[in-house]
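Me: I have a structure open and have not looked at it before. Can we walk through it together?

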Amino acid sequence: MAHDLFEAARTAMARAHAPYSKFPVGAAIRTDDGSVYSGANIENISFPEGWCAETTAISHMVMAGQHKIREVAVIAQKLALCPPCGGCRQRLAEFSDADTKIYLCDEAGIQKTMTIADLLPHSFQTEAIG
Ligand code: THU
């Protein structure tokens, strides 16, 4: 059930460090072994040095030794639906299959389900290297 992933993303959003944009975002990833990793956006006074919620969640996943994303939930307090930014689409694609699901959430729960291929068609493939 994906509702727990929405709740993990919403809980993570509460930990956002977003004093500059005042735009908290939360993300949660479920890997193929069923584990859940979450993250929030972490901004910096040197603005370009901040990063996205999805990127924080990916960091937790990789450092736990996991590399296969099955589902992702994303929520932003101030936006009805918050599709991952372009950079995060590429980072998520690195660890996804074409049918990896992306749940766009609001405070009530999952409002829209997409795949990573919907969000990033014709992506740069890891097979292109070596
Ligand atoms: N942000 C995310 O965390 N994820 C996205 O997919 C889009 C943008 C963050 C970055 C920045 O801290 C704030 O939202 C405003 O852009």
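Reply: Start with a term for the ligand: a polar contact is a pair of N or O atoms within 3.5 Å. With that cut-off, a backbone N or O atom of Ala53 qualifies, lying 2.9 Å from an oxygen atom of the ligand. Keep in mind that this is a predicted model.

Me: How much of the ligand's own accessible area does the protein cover?

Reply: The ligand on its own has 380 Å² of accessible area, and the protein covers 76% of that.

Me: Which side chain has a polar atom 2.5 Å from an oxygen atom of the ligand?

Reply: That is Glu43. Asn41 also takes part through its side chain, where an N or O atom is 2.9 Å from an ligand oxygen.

Me: And which residues are around the ligand?

Reply: Ser21, Phe23, Val25, Asn41, Glu43, Cys52, Ala53, Glu54, Pro83, Pro84 and Cys85. Sorted by class, that shell has seven nonpolar residues, two polar ones and two charged ones.

Me: I see cysteines in there. How many disulfides does the structure hold?

Reply: Zero.

Me: Why does Cys88 have no bond to Cys52?

Reply: The two sulfurs are 3.8 Å apart, and a disulfide needs them within 2.5 Å, so they are too far for a bond. Cys52 holds the closest cysteine sulfur to that of Cys88.

Me: What about Cys105?

Reply: Its closest cysteine sulfur is in Cys82, 10 Å away, which is too far for a bond as well.

Me: Are those two, Cys88 and Cys105, buried or exposed?

Reply: Cys88 counts as buried, because its relative accessibility is 0% and the cut-off for buried is under 20%. Cys105 is buried too, with a relative accessible area of 0%.

Me: What share of the chain is buried?

Reply: Buried residues make up 42% of the 130 residues.

Me: Changing topic. What is the secondary structure of the chain?

Reply: There are four helices and five strands. Along the sequence they follow the pattern α-β-β-α-β-α-β-β-α, which has a helix at each end.

Me: What radius of gyration does the chain have, and what would a compact globule have?

Reply: The chain has 14 Å. A compact globule with 130 residues would have a radius of gyration near 14 Å, so the chain agrees with that.

Me: And what does the C-alpha trace span along its principal axes?

Reply: About 40 × 35 × 25 Å.

Terms used. Residues numbered from 1 in each chain as written. Predicted model: local features only at pLDDT ≥ 70, side-chain atom pairs only at ≥ 80, totals over all residues. Heavy atoms only, no water. Buried < 20%, exposed > 50% of the residue type's maximum accessible area, 1.4 Å probe, protein only. Near = heavy atom within 4 Å. Polar contact = N/O pair within 3.5 Å; in protein donor to acceptor, adjacent residues only side chain to side chain. Areas by Shrake-Rupley, 256 points an atom, 1.4 Å probe, with all protein chains shown as cover. Nonpolar A, V, L, I, M, F, W, Y, C, P; charged D, E, K, R; others polar. Helix = DSSP H or I, 4+ residues; strand = E, 2+ residues; numbered from the N terminus. Rg over C-alpha atoms; globule rule 2.2 N^0.38 Å.
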